[in-house]
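Reader: Please take one part of this structure and go through it closely. I am in my first year, so explain each term with its cut-offs.

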Protein chains: 2
Amino acid sequence: MKVVVCGVGLIGGSIGLAARRRLEAEVIGFDPAHDAVTQALRLGALTGGAESVAEAVKGADIVFCAAPVGYLPALVAEALEASSYDTVVSDVGSTKRELVEGLAGHPDAGRFIGGHPIAGAETAGVENARAELFEGARWYLTPGGQAGGVHYDRIQRAVADLGARPQAIDPELHDRLMATVSHLPHVIANVMVSQAEVAISEEAERLPEVGRSFRDTTRVAGANPQIWKDIFTSNSEAVAAEIDRAVERLREAAALIRAGDPGAVEAWQSRALAARDRLLETSGAGGILCELRVAVENKPGVVAEIALALGREGVNIEDMALQPAADMRTGAISLWVAGEADAKRAVEVMRGLGHTAAPAGSSA
Amino acid sequence: MKVVVCGVGLIGGSIGLAARRRLEAEVIGFDPAHDAVTQALRLGALTGGAESVAEAVKGADIVFCAAPVGYLPALVAEALEASSYDTVVSDVGSTKRELVEGLAGHPDAGRFIGGHPIAGAETAGVENARAELFEGARWYLTPGGQAGGVHYDRIQRAVADLGARPQAIDPELHDRLMATVSHLPHVIANVMVSQAEVAISEEAERLPEVGRSFRDTTRVAGANPQIWKDIFTSNSEAVAAEIDRAVERLREAAALIRAGDPGAVEAWQSRALAARDRLLETSGAGGILCELRVAVENKPGVVAEIALALGREGVNIEDMALQPAADMRTGAISLWVAGEADAKRAVEVMRGLGHTAAPAGSSA
């Protein structure tokens, strides 16, 4: 099998590593940055490099276009035009509708199956590529109306063979869902930091201690502007609609809070708690994540001690957040573990270490 | 010195422990739940219990009212009425304006100095009390116009002696700042989970993988409904105004994204990045927090190995977030360390362990 990656970064490089290791494929790479190809060859992510898209895609079974979203329409068209009927062309972009619609009239559109692996946001660059990147990850595929069955079958198998879990989805639905669970949180984070900055400069000489809730909500504020410029503009309709809905809900929340009925506010808060539990319950592979809070001294070694002790008991930490106190000397650790049995065990382990630990449900 | 805590939970109990250890004070506690007093006595957080507020506050130098926000107006009034001119009465509630204004006409209002320690949100209950809870924490004090100098001086010293960093602030400004950095993030989290739940049930049979940004933004959704009912209703004006401002900014964001000018979107994203950096730069005691991302297998022991290795190098982990992949077997860890020197050292340590690690600035 011949696999081609056009764009050799974290995703392209990881596809190369996984395709070589798991599909025993020949992997040819093209990237306008020659260094990336050289480095990918050195890392074993490619079996060969090409000087152009046309050279790379010749005789390919699958071409993955792994360039930034803004470059994809031109790159995919070029790959389609330079390849033959036997080649299926895909991509790994974070938004799908615009790309798929742009190719609608294309004579070779049936050979294009859009894709989006939910993996790899944590680092960039081919130097961080790894064969396991897609292990167990959702990989959306967006076959258009003209998509050939043989082509869809090939990309679907390849994606599964790379270790991912392929799922076909309508490109518009894909973009709407991404707007909900990824793009809107980024917009909100941006809005929050701008608003806090203005409020604080207008109202206070000194910044108040920025709490955990603020840090969590704004963690992705201003995420890679070049990548997010493309995501927001290529998914502008769905993102803007999602913002409109958030505006509507926020206005309802403001009205509820202004009305000042404690019972209604408490019911609203309880509904949010239930919604959060249902969302997290269904989204993780490991069942309900239980949160524990542990009061600790914030010094080197504390996290290690806790993690080691839990590891010895076979309790896996699915997620963790440290909340240092203002002096950075004391603080608390939130741990999420899968399932109530593990949570109980974890509380016992923490208490055995002399820490005060409690399930998080009992507090604010 | 005689210190009284009315309400013996996490905060009241911790005040008791710290006051006994650091002020060598006599600490008398009252709580309508007798068990809490019994447990606090057993833990050494109190030197004695009282059957009523009036009995407790007799001859007190300082009374801390540490009940839920909704009970504070009545409790503070009772403590003022039952105590003499020598007693300063304070509280530890998360909102201040309503309480202070409610006491404005009270003949003893000059002996009340409102307070709010930024500590203790992580656990609840006297069983989690600890003497170090306030170590280095900001402790806001809101003296009213009638506040006596000798009373302010006494509470200010006591708070500092408990290990905290007292700061006087106008009650209304306090509530506005809290609305910005704490209450609004909670409202947003609630809105996000409700919106996601509706979107997902309407549009998809299966929940898409909920990403890190969504999890971060919604982590505090539905936080303790009983406590937050009080916070939202007692700070309703400031919170609603803050929501209004967020609505305005979100509408601007929607218009910007709808307009679809990539340059304008990128500039907006970059401004958010700069605002976030400025906010976090000034908020931590330890200088700029640098984020590193490390790709790891998500198995027991990995976090321990990393934390131990960093601890050996003297690098303290200020904050940490795990992003497990969908299969819960692989994932990435974000680490925040203080200062660029530590960040560089941490990257080397991670690479020495065979992990791919990079500063987070380079990615989405």
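Author: Of the 364 residues in chain A, 59% are buried (20 or more other C-beta atoms lie within 10 Å of the residue's own, against 12 or fewer for exposed and anything in between for partly exposed, with C-beta atoms placed from the backbone). The model is predicted, and local features need pLDDT of at least 70, side-chain atom pairs count only at pLDDT 80 or more, while totals for chains, interfaces and linings use all residues. Residues are numbered from 1 along each chain as its sequence is written, and chains are lettered from A and ligands numbered from 1 in the order in which they are written.

Chain A has 13 helices and 12 strands (DSSP runs numbered from the N terminus: H or I of at least four residues for helices, E of at least two for strands). Among its contacts between residues at least 6 apart in sequence, 71% join residues at least 24 apart (a contact is a pair of C-beta atoms, placed from the backbone, within 7 Å).

The part to look at is helix 12 of chain A, residues 302-312, with helix 12 of chain B, also residues 302-312. Their axes come within 8 Å and cross at roughly 155° (axes are lines fitted to C-alpha atoms over the stretch in contact, with angles from 0 to 180 degrees between N-to-C directions). The two helices are therefore roughly antiparallel (over 145 degrees; under 35 is roughly parallel, 65 to 115 roughly perpendicular, the rest oblique). Their crossing is left-handed (the near helix is turned anticlockwise from the far one by less than a right angle; clockwise would be right-handed).

Chain A brings Val303(A), Ala304(A), Ala307(A), Leu308(A) and Gly311(A) to the contact. Chain B brings Val303(B), Ala304(B), Ala307(B), Leu308(B) and Gly311(B). An α-helix has 3.6 residues a turn, so residues three or four places apart point the same way. The contact residues divide into eight nonpolar, two polar and no charged (Ala, Val, Leu, Ile, Met, Phe, Trp, Tyr, Cys and Pro are nonpolar, Asp, Glu, Lys and Arg charged, the others, Gly among them, polar).

In helix 12 of chain A, the buried residues are Val302(A), Val303(A), Ala304(A), Ile306(A), Ala307(A) and Leu310(A). After this helix comes Gly314(A), with a positive phi near 75°.

Helix 10 (residues 236-259) of chain A also meets helix 10 (residues 236-259) of chain B: their axes come within 9 Å and cross at roughly 165°. That makes them roughly antiparallel. This crossing is left-handed, and its contact residues comprise 18 nonpolar, two polar and six charged.

Methods. Two residues are in contact if their C-beta atoms, placed from the backbone, lie within 7 Å.
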